[in-house]
Amino acid sequence: MSTVETLLEEELPATPAGAPTGETGGTGGEEADVASDFVTFEMAGESYALHMERVQEIIRMPELIRVPLGPAALEGLANLRGRVLPVVSLRACCGLSATGHDEATRVVVVEAAGATLGLVVDRVTAVVSVEADQLESAEGVQGTVRSELLAAVLKPASGKGGAGRMTTVLDVQRLVRSEFADLARKVAGTGGAGGWSPTSAVVEEDSSDTLELVSFAVDGQEYALPIDRVQEIVQAPERVTAVPNAAARVLGVMDLRGGLLPVVSLRQVFGLEVPALQAHNRIVVVTVEREGRESLVGVVMDTVREVLRVPAELVGALPHVVSGGGRSREVQSVCRLEDGKRLVSVLSADSLVDVGALADLDTENAVVTRTRDEQEDDVVDDGRGDDELLVVFRLQGEEYCVAVDAVQEIIRVPETLIRVPKTLDFVEGLVNLRGAVLPVVDLRTRLGLERSARDERQRIVVLIIKGVRTGFVVDSVAEVLRVSGAELESAPELSPEQAEVVTRVANLPRSERMLLVLEPSQLLGRAQVAQLADEVPAATTAA
């Protein structure tokens with residue numbers, strides 16, 4: 001018995017007596033000249049049907065993540081047992097008025113044109129088997145949906161005196177090809193457009209004389225770690241497992257994707273009070289080196305603040321007069337930002353954990369450490385692809401991300417922005433970033449989402465888009481996350497613009513999350529980049 005029939009048998013009245021079940025008829029297309037099985041459902045009080053052979057299963061309404069720049073009918077993406085499933089409103093596809101979801105709402109998972117989609121319907125009614133004489137061709141039939149989506153009409157069975165109502169059979173093949181042509185083309189192997197080379201309006205600065213850091217706060221003070229030592233940033237668990245006789249700064253161990261991660265309290269390192277872990281705490285997973293081997297260590301921070309890109313001339317060694325106070329091992333340098341009004345202490349990752357204490361944890365708790373050669377072997381042997389480090393941020397309640405390599409830095413939104421007249425509607429203005437003019441774009445508006453009022457949680461993620469350094473305002477920055485190649489897959493191509501901007505999905509079933517991966521080079525079009533490039537030097541001259 002199929003998944004469809006099992007679900008319907010539990011929820012719905014039995015199919016008409018004598019109707020065959022289990023085997024589907026038809027010719028493999030939407031033809032209506034042979035006996036076939038159909039799944040029937042209702043929308044807006046009318047009865048509709050789909051060929052059983054197109055229906056993979058029927059599920060209740062799942063949790064969805066919204067996709068910007070997608071077609072109007074797209075409700076979002078769902079995780080269906082590890083697969084990314086586009087879910088669309090069949091009402092919208094058929095030109096019917098929208099309605100809310102309730103307990104009867106179902107998603108019919110269909111396969112057509114080589115693609116798999118979930119179609120939202122008001123209510124599934126039955127699985128029926130009909131003879132050829134009950135099917136009437138769609139030619140000349142006018143109903144409540146567009147005629148090109150009709151495959152046939154199911155007439156009441158003989159012997160009922162015509163008392164039953166007619167059921168419209170939808171052509172799901174034509175539906176996918178007409179409403180989601182990009183998805184069908186991609187599956188067929190004919191889609192995909194080549195990109196274009198970046199403009200040289202503004203040349204990216206040389207990164208050899210800059211220091212990239214992740215900054216965070218501990219007891220109201222700001223510290224940072226080199227970004228190349230930060231593997232990822234995760235939310236603190238409710239508790240960590242204490243380890244007997246461990247060093248005082250070691251809180252214990254926690255599970256990190258099947259491995260044990262030693263957890264160190266930076267407050268304990270600095271001799272501060274160590275409160276219980278809270279929801280706002282973050283654990284920065286860093287690599288530490290000892291005797292030619294690398295280990296992962298989680299460091300508890302009060303909050304994570306920003307990604308900083310600091311010119312080398314603004315970084316200096318810790319003054320000698322204070323380096324003898326017991327902090328010279330942990331603090332390796334100090335950044336002077338905002339004309340010296342903001343000082344950020346850069347920590348040495350290798351000095352956060354005592355080598356002997358970490359060795360004891362390795363022995364007693366099987367904490368994995370590997371040599372560099374072993375790590376390289378893992379990369380060669382692992383057929384899943386390389387891990388990627390992603391900066392995760394939020395927009396209108398959904399999680400998005402970009403590759404950390406594309407992020408120049410993350411800064412707070414200033415109190416005032418320099419407005420630019422007659423500019424693009426999603427450009428908020430210009431800011432002075434250490435003497436350079438930075439155009440700022442409202443990412444919500446760029447992605448077709450509702451604009452929001454400014455608040456303290458918002459940040460500007462600075463990217464270089466086709467040679468132009470651009471800041472994008474996001475609702476908040478959540479974390480830096482390491483994702484394996486197996487967890488990254490191509491996003492469904494549901495519209496031309498969406499397919500260019502939302503290129504991949506990070507599907508994380510264990511944490512019940514799906515992250516939309518944005519392609520930075522496509523966040524602004526060629527004409528938009530050229531206009532911004534013209535405005536930046538003009539604004540600089542005016543200033």
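**Two open sheets and one buried serine**

Let me begin with the outside of the chain, whose accessible surface comes to about 25900 Å², with 48% of that area belonging to carbon and sulfur atoms. Please keep in mind, as we go through this together, that what you see above is a predicted model.

Turning from the surface to the interior, buried residues account for 50% of the 543 residues in the chain. As for secondary structure, the chain comes to 11 helices and 34 strands. If we take the contacts between residues at least 6 apart in sequence, we find that 62% of them join residues at least 24 apart.

Now to the sheets, and a general word before the particular ones: strands of a sheet pair through backbone hydrogen bonds, and they do so either parallel or antiparallel.

In what order do the strands of the open sheet that contains β1 and β2 follow one another? There are 6 strands here, and reading across the sheet they run β8-β1-β2-β11-β10-β9, with mixed pairing. At the edges sit β8, which covers residues 123-130, and β9, which covers 135-137, and each of these pairs on one side only. On average, and with direction ignored, neighbouring strands of this sheet are turned by 35° against each other. Looking in more detail at one edge, we see that β8 pairs with β1, residues 36-43, in the antiparallel sense over 7 bridges. To find a place within this pairing on your own screen, look for Phe41, whose bridge partner in β8 is Val124.

Let us move along the chain to another open sheet, which is also made of 6 strands with mixed pairing, in the order β19-β12-β13-β22-β21-β20. Its edge strands are β19, residues 303-311, and β20, residues 315-316, each of which pairs on one side only. Strand β12, which spans residues 210-218, runs antiparallel to β19 and is joined to it by 7 bridges. Within β19, the residue that stands opposite Thr210 is Pro311.

I would like to finish with a single residue, Ser476, which is found in strand β31, a strand that covers residues 476-483. Is Ser476 buried or exposed? Its relative accessible area is 5%, and because buried means under 20%, Ser476 counts as buried. Which residues is Ser476 in contact with, once we leave aside its neighbours within four places in sequence? They are Phe393, Arg394 and Arg457, and you may like to locate each of these in the structure above, starting from Ser476 in strand β31.

Terms used
Residues are numbered from 1 along each chain as its sequence is written. This is a predicted model: local features need pLDDT of at least 70, side-chain atom pairs count only at pLDDT 80 or more; totals for chains, interfaces and linings use all residues. Side-chain values use heavy atoms; hydrogens and water are left out. Helices (H or I, at least four residues) and strands (E, at least two) are DSSP runs, numbered from the N terminus. Buried means under 20% relative accessible area, exposed over 50%, partly exposed in between (1.4 Å probe, protein chains only). Contact means heavy atoms within 4.5 Å. Two strands pair if DSSP finds at least two bridges between them. Axes are lines fitted to C-alpha atoms, for helices over the stretch in contact, and angles run from 0 to 180 degrees between N-to-C directions. Accessible areas come from the Shrake-Rupley method with a 1.4 Å probe; for residues, only the protein chains shown count as cover.
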